[in-house]
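Dear colleague,

Please find below the structure that I am handing over to you. My account of what was found in it follows directly after.

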Amino acid sequence: MTLIIILGKYLWLAGILASIVMSEVVTAAMGLLLKGEVTFDYLATGMVAAFLVSGIVVAGTMKMEELERRRQEEVAKNRALRASERRYRTLIEVANDAILVTDAETGTLVDCNRQAEVLLGMSRNEIIGQHLSNLHETGKDLEEAETDCISRLLRGKTGTIELSLIRADGTSIPVEVSSSAFEMDGRRYVHGAFRDITQRREAEDRIKHLAHHDPLTNLPNRVFLHGRLEQAVEFARREQKQVAVMFIDLDNFKRINDTLGHRIGDALLEQVAGRLTENVHGSQVVGRLGGDEFLVVITGNHVSTTATAMAKRILESICRPYTVEDYQLHSGASIGIAVYPADGNSAETLMKHADAAMYHAKSKGRNTFEFFSQAINRGVRERLEIENGLRDALKHGAFRLHYQPQVDLATGSIRSVEALLRWRHPVLGVITPDRFIPIAEETKLILPLGLWVLDRACHQLRTWRNDGIAGIRMAINVSVKQLQDEAFFEALGSIVERHGLSGSDIELEITESAIMENLSRVQAILKSLRDYGITLSIDDFGTGYSSLGRLKLLPIQSLKIDRSFVRDIETDQGNAKICDGIIALGHSLGLKIIAEGVETAAQKVRLQDAGCDAIQGFLIAKPLPADEAAKLISRVNAIT
Ligand SMILES: Nc1nc2c(ncn2[C@@H]2O[C@H](COP(=O)(O)O[C@H]3[C@@H](O)[C@H](n4cnc5c(=O)[nH]c(N)nc54)O[C@@H]3COP(=O)(O)O)[C@@H](O)[C@H]2O)c(=O)[nH]1
């Protein structure tokens, strides 16, 4: 071999040597031929042999050169290949991701980096040779989707996908895979960069949990419940099943929250959530809609029976006393139930109807449950009609005020009139304030409506004054929602002054229950009103369980005995005693007492004997239109 290399390198020398040898041979042969020492044939044969030998020497030498060139090329190629392999290994080893190289035809792993060993908790030897699909987690809901991912990977589809790998210790690990396909030696491979996304998934899960759960009780929230209810309805539609939606609203919660504070209220809600959870099993779901409202979703057959049993259990469980810090608290619940498909075809309708049924349960006396019915549905529609009608009536000036006199029992004169709203609905006819005021309060329409009443009542008083009817004040009902409105006080002042009146011309009546349930929130505004000279009166007194202690806190000037106590004062000893008690209590606090709903002379006498200061009722007059009220005032006050 060395000889070949040397010869290969010195081919030119071999050529010269061969030429010299050949010319020597030819010269010597010619000499021998001339001397006749050899015949021509012999000489020719020798010459040919010499040519052949030298040709063979030259050809062999050339071949050796060719071999050498090829060998060198091979060495260079191998060196380049090794360098490329080193570069490739360095590249995949320095990668932050786990790299797995898969034979696209067989799905077998043919290479991996150190990160892959760490990610999978396996050695390189354990990884290489495995089928890629052996490493992905199976037996989960996502199996189908992930199998699809694996086959996408193997088909060399580029892009990013997410799947779960199974580690050597059996734990699952979510990964994001960026893959690309390449060909080598006529075979197709897939290069996959696998990135551990456990932390990202955990963060996403945390965010998802927060977005779907109520932070106080950790129960599913409104968004989650709505989605779950939609799924349940869809499932029931497909599988011919039923869904019951149970709307639960706590009784008394607002009072507890307002009087004892939000910390106690929150603790109570947490305990209620715990009790509800105890009563919900299997596929049933309980969640919190917000405030003191909870929802349960029940799917299956005969859901009405299940819901009835569950509602009874829940009511019983919610009723048990709660211990929160040093307090023993009592609550109850009102439950409304709507069933798919009878009561609605969508999550929205079912929730709305369960809510309506809950309101019905509440109005029936609380701590009870009620299934949605067509009667309730009619009520809901009517309510909606009233709500829409209220907006129109406000816009088109369809309200009227009537005025009912209040008579001073000491003098017999009319000392004030109460402004009372009247409304004739275009379809439903006359609607009493008892029906539309609560709806106006819920929809906040009471704010513009209340201002309209103030304006019209003040306008009327000014008109009467201008007409010479003096010495009376205007009593106006205000809702607690109005008192909570920051703009109310200023608006009232500007209305009163615009009509050339002063605070002392106005008396505001606020219902006892409303004032007591919102005491802390309205105390400041009541004080401002009193400072402005307005007389404050507690309406429907006796129905709201005010304690003497709390009454003393209020800047009020009079109490109005609820007409339910006045109705049979002559015959009902109990009611008579209540009236006597209210009069005595009020006087002891320096308050004036007025009795409403006085319909008979006997009632008037009984109240007068008890020391009542003023009366209002059909005995004197029903609420009257302004002109009739004016005539009555003039007549009565002219006599007295
Ligand atoms: N926030 C506002 N509330 C208002 C306004 N206008 C009225 N109301 C409140 O609606 C409730 C019902 O009022 P209404 O149907 O007008 O009934 C009043 C009288 O008609 C009725 N009344 C008066 N005397 C008698 C009687 O001898 N017998 C009898 N059966 N009913 C009688 O009482 C109502 C007046 O009650 P009160 O206000 O408690 O003095 C009622 O609660 C109104 O307050 C409004 O503009 N804003």
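**Nonpolar cores**

In this predicted model, the largest nonpolar core has 69 residues, and A419 and I476 touch the most other members. The element that gives the most to this core is helix α15 (residues 446-466), with 8 residues. Leaving aside neighbours within four places in sequence, the contacts of I476 are A419, V453, L454, A457, I506, L508 and E509. There is also a second, separate core of 49 residues, and V296, A338, M351 and F369 are among its members. In soluble globular proteins, nonpolar side chains tend to be buried together.

**The chain as a whole**

The protein chain contains 24 helices and 21 strands. It has 640 residues, of which 32% count as buried. Among contacts with a separation of 6 or more, 61% are between residues 24 or more positions apart.

An unreviewed UniProt entry annotates residues 12-34 and 40-62 with "transmembrane region". In the model, the span of residues 40-62 is 100% helix and 0% strand, and its end C-alpha atoms lie 32 Å apart.

**Surroundings of the ligand**

Around the ligand there are 24 residues, and those that come nearest are L420, P433, N477, G617 and F618. Two or more residues of this shell are given by each of β14 (414-425), α14 (433-442) and β18 (535-541). By character, the shell divides into 9 nonpolar, 7 polar and 8 charged residues.

**Helices α12 and α13**

Helix α12 (residues 347-363) has 17 residues, and the distance from its first C-alpha to its last is 24 Å, close to the 24 Å expected at 1.5 Å a residue. Its buried residues are A347, L350, M351, H353, A354, D355, A356, A357, M358, H360 and A361. One of these, M351, was named above as part of the second core. The cover over the buried residues of α12 includes α8 (222-239), β6 (242-251), β11 (332-340), β12 (369-371) and α13 (374-396). Just after α12 comes G365, with a positive phi of about 125°.

Helix α13 has 23 residues and reaches 32 Å from its first C-alpha to its last, close to the 33 Å expected at 1.5 Å a residue. Buried residues in α13 are I376, I386, G389, L390 and A393. What covers them includes α12, β13 (399-408), β14, β15 (429-431) and α14. Thus α12 is part of the cover of α13, and α13 is part of the cover of α12. Two elements in the cover of α13, namely β14 and α14, also give residues to the shell around the ligand. After α13 comes G397, and its phi is positive, near 60°.

**Backbone details in the loops**

Most residues other than glycine have a negative phi, and most peptide bonds are trans. Three places in this model deserve mention against that background.

- The peptide bond from Y340 to P341 is cis, with omega near 10°. P341 is in the loop between β11 and α12.
- N252 is not a glycine, but its phi is positive, near 75°. This residue sits in the loop between β6 and α9 (253-260). N252 is partly exposed, because 16 other C-beta atoms lie within 10 Å.
- K444 likewise has a positive phi, of about 65°, although it is not a glycine. The loop that holds K444 runs between α14 and α15. K444 counts as exposed because 12 other C-beta atoms lie within 10 Å.

**Two buried residues**

T102 belongs to strand β1 (residues 98-103). T102 counts as buried because it has 26 C-beta neighbours inside 10 Å. In sequence T102 and R188 are 86 residues apart, and in space they are 8.8 Å apart, C-alpha to C-alpha.

The other residue is D292, found in the loop between β7 (285-290) and β8 (293-300). D292 is buried, because 21 other C-beta atoms lie within 10 Å, where the cut-off is 20 or more. Leaving aside neighbours within four places in sequence, D292 is in contact with D249, L250, F253 and L269. D292 and L268 are 24 residues apart in sequence, with 9.8 Å between them in space, C-alpha to C-alpha.

With kind regards

Terms used:
Residues are numbered from 1 along each chain as its sequence is written. This is a predicted model: local features need pLDDT of at least 70, side-chain atom pairs count only at pLDDT 80 or more; totals for chains, interfaces and linings use all residues. UniProt positions are given in the numbering used here, feature names are shortened, and annotations may be inferred rather than shown by experiment. Helices (H or I, at least four residues) and strands (E, at least two) are DSSP runs, numbered from the N terminus. A nonpolar core is a set of buried Ala, Val, Leu, Ile, Met, Phe, Trp, Tyr and Cys residues joined through C-beta atoms within 7 Å. Two residues are in contact if their C-beta atoms, placed from the backbone, lie within 7 Å. A residue is near a molecule or strand if its C-beta atom, placed from the backbone, lies within 6 Å of it. Ala, Val, Leu, Ile, Met, Phe, Trp, Tyr, Cys and Pro count as nonpolar, Asp, Glu, Lys and Arg as charged, and the others, Gly among them, as polar. The expected span of a helix is 1.5 Å times one less than its number of residues.
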